[in-house]
Amino acid sequence: MEPLHLRSAGTSLVISFDSGEAEVIHWGTDLGSTLPDLAILKAAIPPSSADATVPAGLLPQASSSWRGRPALRGHRIADGVPGYDFSVRLRVTEVVSDGAGAVVIIQADADAGIRISSVLTLHDGGLLELRHTVTNTGTTPYQLDELATVLPVAPAAVELLDLTGRWCRERHPQRRPIQQGTWVRTGRHGRTGHDSSLLFAAGTTGFGNRHGKVWATHLAWSGNHEQFADSIGDGRTMIGGSELLGPAEVILQPGASYTSPALFAAYSGRGLDGISEAFYSWFRNRPHHVLPAAATGLPAGKPRPVVLNTWEAVYFDHNIDTLIELAASASDLGVERFVLDDGWFRGRRDDHAGLGDWYVDETLWPNGLTPLIDAVTSRGMEFGLWVEPEMVNLDSDIVRAHPDWIVGPSVQSYKDGGRLPIEWRNQQVIDLVNPDAWQYIFDRVDALLRENNISYLKWDQNRDQLEHGHAGRSSVHEQTLAAYRLFDELKKAHPGVEIESCSSGGARVDLGILERTDRIWASDCNDALERQTIQRWTGLVVPPELVGGHVGPTTSHTTARTHDLSFRAITALFGHFGMEWDVRGVQGAVREELKRFIALYKEHRGLIHSGRMVRSDVPGDSLMLHGVVAPSGASQATVSPGSTAALFALVRTGTALAEQPGRISIPGLEPDREYRVEPVFPAPGDADYSHTFTQVKPPAWMADGAVADGRFLAEVGLPMPALNPEHAFLLKFTAL
């Protein structure tokens, strides 16, 4: 059988079938259209080892003497006795195209009664999508323990980067050398998790934003999972991931199937920015992706509206007059979407009661939400509403009526002596695997959307699910699928309504949930210093138009840090911009400054939400330079003279070792094109912002701007102002 060779955007994937199974021979740099005879790659057989070459299979298996993690773990149950067919010998039976750009590889073991169909799609931007479906072709049940999706990385990959975190500090990087053995990141949260790694990246020594070879994977799943790097004794390394199944959670009856979550994988020969380009290309080419109207070279769509969320403005204090005043103040600033947060439904005065009772509280809202919605929409803004459909409080009418609708480890409801999981934020989880509970939640959210002029849902999910059971059996798998189905059916019933995924901030950020939502809330922390890191690493995979970034109050609700408005606003600018602040009290010069930043966002959001994300490799860890450049290739070549080709932010996160930052490289622009570089904020002629800098005199070019081509800016750079810690500086690049 001829090898399979997929090519796209500088990436090649080569699969050989010479061993009888599908083996990934190469995943990395484009190899061109012609391959040599792959027999030249047959490796030596070392002493004290298997007497045959061991393939690195698309589905690694012990029957081929693979000593690392197998892709398939499970066993057959015969006459009530488990443990049979524990090791399979899969061989390729068919390789076909599905007619939609994907290749399907079918491998089977007829004796064991197992067939696995692998679907591979190498998308136009170079992002590889891979998933497996296992089918029980035998005559007795088969208990599935794991079906992993893995890919090999080149021997040059010697470092591993993954992400970790906690509430209000999500997605922080950590690095380690790749060593013999297995590095496993396990998520047992019942959701993705604050500490979940959005990406597993293996790369060459010291790989950075703009340099080095990188191989990276992401598991598109919102439930329990594992991600891993597996390096075996012969020097080969696999990276990949799988759903983490609970005890006997998936038992396949004869003829039944299980499909793994999709593994998305990208290769870059030019650092992490190349990984981002592959993911951004995939996101932005989805038919349902929300496109910015002003995006250069992209179809017209709806720009991401400026948001005001009421949480840090009023918390649970839902007074209609206060909220209408807040809406009027927001409209005056240029806000385009007003979102009413937690506290509007029955019995909800704090976080101890009401969850699950999704009816407008008549004591707070005797005329329903209509008066507030009318006050919002009459001012030209959309109205959005906070919901948390997957959670309940014990102090709620729905739990009093249906105590058996709470998930937990017991067969009996807690009213009948069953044990409940420990409460988390005074919450329990509603059992969406129960069809009656699922239907109740669907009907209530559907009714809210039918009965009110709601354009947007902020969909929260605020607890881990550590003892997640239905009828006494582990059920995270089915709960996750039921939640997906809830999103899907509500989207089908209300196609014009956008949904934001929030989960205690950023605890459910993955491509599984992003297939069903239009935005994610990266973190409950609006502290701009924390957000610089959170947004930088979230943006490694998720494009800025899908990442909510808000300007919070002067002193942060979650950290008590105090920051200038300019630092908070420039941080929020490189995302889906909004505010979470009682803006009624923002007056005078500060209000005018806020209006200016809202206008800047509206002016540049088309660029921010369509361009290439560029991050400079600035030495040290206290200075960052990042920006967005007009889309590459033909689109950028046709940027008209006088239009903004790039927007960059220079950010000082801590004190500097040197007296001045010196010349900073500005990468990512067309090398042979000239640009005018000028400050946007602070700009010459602005009021006194001397507190932003620690310098006697700024660099000379800041007075009148500078003109240089992209090659000079990348290779030589420009001297930058000396910023004080926790301040930022905004630059604009105009095409000449």
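A cavity, in the sense used on this tour, is a set of grid points where a 1.4 Å probe fits but cannot get out. The model on screen is a predicted one, and it holds eight cavities of 30 Å³ or more, the largest of which has a volume of about 190 Å³.

**First stop: the largest cavity**

Select Gln535, Arg536, Phe574, Met613 and His626, which are the closest to the centre of the largest cavity among the 17 residues that line it. Then colour α9, α10 (565–573), β34 (612–615) and β35, since these are the elements that give two or more residues to that lining. The most comes from α9, with four residues. Coloured by class, the lining of this cavity shows nine nonpolar, five polar and three charged residues.

**Second stop: helix α9**

Stay with α9 and show residues 528–538. How many of the eleven residues of α9 are buried? Ten of them are, so the helix is largely enclosed by the rest of the structure. The buried set consists of Ala528, Leu529, Glu530, Arg531, Gln532, Ile534, Gln535, Arg536, Trp537 and Thr538, and Arg536, which belongs to this set, is also one of the residues closest to the centre of the largest cavity. At the N-terminal end of the helix, select Asp527, which acts as the cap: one of its side-chain oxygens lies 2.8 Å from the backbone nitrogen of Leu529.

**Third stop: the second largest pocket**

From α9, turn to the second largest pocket, where about 710 Å³ of space lies. Its lining is made up of 27 residues, and those nearest its centre are Arg536, Trp537, Gly620, Asp621 and Met624. At least two lining residues are supplied by each of β13 (172–177), α9 and β35 (623–629), with α9 giving the most, six residues. By class, ten residues of this lining are nonpolar, ten are polar and seven are charged.

**Fourth stop: the cysteines**

Now select Cys525 and Cys168, and display the sulfur atoms. The sulfur of Cys525 has its closest cysteine sulfur in Cys168, at 4.8 Å, which is too far for a bond, because a disulfide requires a pair of cysteine sulfur atoms within 2.5 Å. Cys502 also has its closest cysteine sulfur in Cys168, but here the separation is 10 Å, again too far for a bond. Are Cys502 and Cys525 buried or exposed? Cys502 is buried, with a relative accessible area of 0%, and Cys525 likewise counts as buried at 0% relative accessibility. A search of the whole structure finds zero disulfides.

**Fifth stop: the largest pocket**

Select Glu23, Ala43, Val54, Ala56 and Arg236 next, which lie nearest the centre of the largest pocket among its 44 lining residues. This pocket has a volume of about 1100 Å³, and the elements that give two or more residues to its lining are β3 (23–29) and β11 (149–153). The largest share, seven residues, comes from β3. Divided by class, the lining has 24 nonpolar, eleven polar and nine charged residues.

**Last stop: helix α7**

Finish by selecting residues 476–493, which form helix α7. This helix of 18 residues reaches 26 Å from its first C-alpha to its last, close to the 26 Å expected at 1.5 Å a residue. To see which of its residues are buried, highlight Val476, His477, Gln479, Thr480, Ala482, Ala483, Tyr484, Leu486, Phe487 and Leu490.

Terms used: Residues are numbered from 1 along each chain as its sequence is written. This is a predicted model: local features need pLDDT of at least 70, side-chain atom pairs count only at pLDDT 80 or more; totals for chains, interfaces and linings use all residues. Side-chain values use heavy atoms; hydrogens and water are left out. The expected span of a helix is 1.5 Å times one less than its number of residues. Buried means under 20% relative accessible area, exposed over 50%, partly exposed in between (1.4 Å probe, protein chains only). On a 1 Å grid over the protein atoms alone, a cavity is a set of points where a 1.4 Å probe fits but cannot get out, and a pocket is an open set with protein on both sides within 12 Å along at least five of seven lines; lining residues have an atom within 4 Å of a point. Grid points are joined across faces, edges and corners, and a volume is the space filled by probe spheres set on the points. Ala, Val, Leu, Ile, Met, Phe, Trp, Tyr, Cys and Pro count as nonpolar, Asp, Glu, Lys and Arg as charged, and the others, Gly among them, as polar. A polar contact is a pair of N or O atoms within 3.5 Å; within protein, one must be able to donate a hydrogen and the other to accept it, and residues adjacent in sequence count only if both atoms are side-chain atoms.
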